[in-house]
Structure formats: C-alpha cells, structure tokens
Amino acid sequence: MSAFLGHLPSFQRYLEGDNTLPNYDVDANGNIVLMAGEVFCRVPGCTSSNFKFSNTGNLRNHLKTHASVSLAPAKKAGRYTNESKMTIAAWYNQHFGPPAKPRIPFTVRGEISVKEVKKHLATKHVVTFPCGACASKQGAKCPITPYTCAYLTRYFDVAADFDKDDYPELDDIDVVAIEDDE
C-alpha cells in the first residue's frame, strides 16, 4: 500500500469492507483498471468478493483466475506523481467518502423538530445548548435557527431545506465555528 493512502479516511473506510463496490472501469484495450491499494475483488458474482487480499499484487493474481477479466501488465514500482495521487484519492473519496449530511427533520406542522434534531446531535456527542453562534445572536434559538446555528450547519444539510436568500438578516453575520466534539 502506498503511504499517502494510509492517511485518507475514505481509503480507511474501503479497507473496513462491507462496502458496495463499483464495477471495474476498463481502458481502451478492454483491460480492467485497478486503483492503487485495492484489495477486494469487484468481479460480479465472485465468491471471494468479501475476502480482503493482503495487497494489490495478490488481488491481481486472483483476478487472473477469472476468464472474463483482462488485466493490463503491472506498472513498474515507483513513486506516484501528484496528479496520480489526486486521481486515486478522488476515486476513493467518490466511492467511499463520508456520507451526505442528513436532511433536517420536521414536525407535521412544518417546524424543525427540536426533539429529533437533539436526538441526532446526541449521536455526535453534542449535548450542550446553545451553540456559540446561537448564544451570540439575539433571538436565535438553538438548534433550530437556519444559517445561524452552528450545530445545524455542521450536522445537517441546511441548504436542502432552506434558501439562504430568505434570510437577509444573516448577510452581515458569520456562522461561529464550533469545536470538534466528536
């Protein structure tokens, strides 16, 4: 494994397994494209798809047992260029990056559900209210003031449910950053 991958959170999630793996991309010659660090077989129907190979070389050897798969010759060992590292990191981030933030829960009356918001925040170990942003803004209610509450901004997809243009009073304030409490 390349050292730069060891610091990539999405690569760590990939190594944990239990992921939905994408199909292989193929090059112009019809050969499958392996990403640096890959250790799981992605051939559809393979009985070893949940097996974690010790390295990409062992995965390559396994892939040769599949008659339907064509592999390009292995590249010579060496350092990756910065461009290659960015491409590899982007691939892992795209397929195994952090999940999207959840939508804000609403009550049947169309108001933000404080109970459900606080229940979700508790899973993130957030139990102190108000947040710094709401405490410093007159009239803000924590954790339910869109585009002011730092908890909503950090842990929910506020933009999916609220249009910032509907809150002109927020144009001249900045959301206060909160400490990482995870």
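## A tour of cysteines and a helix

Start by selecting Cys46: at 10% relative accessibility, this residue counts as buried, because the cut-off for buried is under 20%. Keep in mind that you're looking at a predicted model.

Now add Cys41 to your selection. How far is the sulfur of Cys46 from the closest cysteine sulfur, in Cys41? The gap is 3.6 Å, too far for a bond, because a disulfide needs the two sulfur atoms within 2.5 Å.

Next, jump to Cys142 and Cys149. The sulfur of Cys149 is the nearest cysteine sulfur to Cys142, but it sits 3.9 Å away, and Cys142 is in no disulfide. Cys142 counts as buried too, with 18% relative accessibility. You can search the whole structure if you like: the number of disulfides is zero.

Time for a helix. Select residues 82-96, which make up α3. This helix has 15 residues and reaches 21 Å from its first C-alpha to its last, close to the 21 Å expected at 1.5 Å a residue.

Which residues of α3 are buried? Colour Ile88, Ala89, Trp91, Tyr92 and Phe96 to see them. Now turn the view until you're looking down the axis of α3: these buried residues fall within an arc of 155 degrees, so they line one face of the helix. Here's a handy bit of background: an α-helix has 3.6 residues a turn, so residues three or four places apart point the same way.

Swing round to the other side of α3 and pick out Asn82, Glu83, Met86 and Gln94, which are exposed.

Last stop: show α1 (9-15) and β1 (25-26), which are among what covers the buried residues of α3.

Methods. Residues are numbered from 1 along each chain as its sequence is written. This is a predicted model: local features need pLDDT of at least 70, side-chain atom pairs count only at pLDDT 80 or more; totals for chains, interfaces and linings use all residues. Side-chain values use heavy atoms; hydrogens and water are left out. Buried means under 20% relative accessible area, exposed over 50%, partly exposed in between (1.4 Å probe, protein chains only). Helices (H or I, at least four residues) and strands (E, at least two) are DSSP runs, numbered from the N terminus. The expected span of a helix is 1.5 Å times one less than its number of residues. The arc is that of the directions from the helix axis to the C-beta atoms. Contact means heavy atoms within 4.5 Å.
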